[in-house]
Amino acid sequence: MEYKEYRDGDAFISQKRIYFADANPTKDISLQQIMKIASDIAVEDYRERGLSREFLAEKGYALLVSRNSFRIHKRPQENQVIQIKTWEGKPEALQLKRAYEIRDIEGELLITGNSTWLVVDLAKRRMIPTKMFTLRPNPEKEISVDCLDPAKITAPDGMELFGKHKIVYSDLDTNGHTTNSRYAAFIEDVIPEEFRSLNLKDIRLNYSKEAVLGEELYIYGMISEDKKTLTIIGKIEDKEISFESQLFY
């Protein structure tokens, strides 16, 4: 089967099959693959518009995902062909905004999402206001998709240690950074067994500080009193927060 990539107005659309390695033991797409698909199509959207990672770097910029939020209406499964649509929305002062829709090939809605991105000045190694990112016109249309806002996540008191993960070579991407989708794998690895058979409705994942090669993440979690929400955070060497997440069932 030929998988298409094309532009429809302001949106970029790509098709793919969920392969064996993309799914978990229940044949559902893994959380890591959801984040990877979202990141990859965002990069491809820019590349297709002449704004590849290499071009951005030459101009002194890098775009880093800051927060993700996805609502799972129906979880894609192994061998299913899906269509991913992404588009940018009106940016905030310090964050670019991007939306996602994932549907099956017949058009049924599977996943909706929203993300925010930081513009980094590579020379000064700090984020800059989005109005200074002038390599393409800023979108004017507000994003409205059916998912939770990618808002700040506050770690509750009394969290317990769920696990640890040392950052290894296979966690790194071509920039030598821990790939953002890998954090979803770290989360999925520590989900308590009693939650694995439940239907995940929403996931929010915020990135605070990258864990680099050789550092160890201490991953803490807490189950809400109604047992419908998991909060999972990672701390670099048990000190600085690296990521925060919430999973809603």
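In the next few minutes I will go through the pockets, one helix and the aromatic contacts of this structure, which is a predicted model.

Let me start with the empty space. The largest pocket holds about 1,400 Å³, and of the 44 residues that line this pocket, L63, L64, D173, N175 and H177 are the closest to its centre. Several elements each supply at least two residues of that lining, among them α1, α2, β3 and α3, and α1 gives the most, with eight residues. If you sort the lining of the largest pocket by class, you find 19 nonpolar, 14 polar and 11 charged residues.

The second largest pocket holds about 510 Å³ and is lined by 23 residues, with N24, T26, R75, E188 and R196 lying nearest its centre. Here α1 and α3 each supply at least two residues of the lining, although in this case α3 gives the most, with three residues. The classes in the lining of this second pocket are 10 nonpolar, seven polar and six charged residues.

Since α1 has now come up for both pockets, what about the helix itself? With 18 residues at 1.5 Å a residue, α1 should span 26 Å, and its end C-alpha atoms are indeed 26 Å apart, so the expected and modelled lengths agree. The helix is mostly covered, with 13 of its 18 residues buried, and just after α1 comes G50, which takes a positive phi of about 85°.

I turn now to the aromatic residues, where the structure holds six aromatic pairs. In one of them, Y61 and F133 have ring centres 5.3 Å apart and planes at 85°, and the pair is edge-to-face because that angle is over 60 degrees. Y61 sits in strand β3 and F133 in the loop between β7 and β8, so that this pair links parts of the chain 72 residues apart. Both rings belong to buried residues, Y61 with a relative accessible area of 16% and F133 with one of 1%.

A tilted pair is formed by F70 and Y100, at 5.6 Å centre to centre and with 40° between the planes. F70 lies in strand β3 and Y100 in strand β5, so this contact ties together parts that are 30 residues apart in sequence, and both residues are buried. Elsewhere, ring pairs link Y183, F186, Y207 and F243 into a cluster.

Finally, charged side chains also meet ring faces: R49 lies over the face of Y46, at 4.9 Å from the ring centre, and K235 lies over that of Y220, at 5.6 Å.

Key: Residues are numbered from 1 along each chain as its sequence is written. This is a predicted model: local features need pLDDT of at least 70, side-chain atom pairs count only at pLDDT 80 or more; totals for chains, interfaces and linings use all residues. Side-chain values use heavy atoms; hydrogens and water are left out. On a 1 Å grid over the protein atoms alone, a cavity is a set of points where a 1.4 Å probe fits but cannot get out, and a pocket is an open set with protein on both sides within 12 Å along at least five of seven lines; lining residues have an atom within 4 Å of a point. Grid points are joined across faces, edges and corners, and a volume is the space filled by probe spheres set on the points. Helices (H or I, at least four residues) and strands (E, at least two) are DSSP runs, numbered from the N terminus. Ala, Val, Leu, Ile, Met, Phe, Trp, Tyr, Cys and Pro count as nonpolar, Asp, Glu, Lys and Arg as charged, and the others, Gly among them, as polar. The expected span of a helix is 1.5 Å times one less than its number of residues. Buried means under 20% relative accessible area, exposed over 50%, partly exposed in between (1.4 Å probe, protein chains only). Rings of Phe, Tyr and Trp (its six-membered ring) pair if their centres lie within 6.5 Å; planes under 30 degrees apart count as stacked, over 60 as edge-to-face and the rest as tilted. A charge sits over a ring if NZ of Lys or CZ of Arg is within 6 Å of the ring centre and within 35 degrees of the ring normal.
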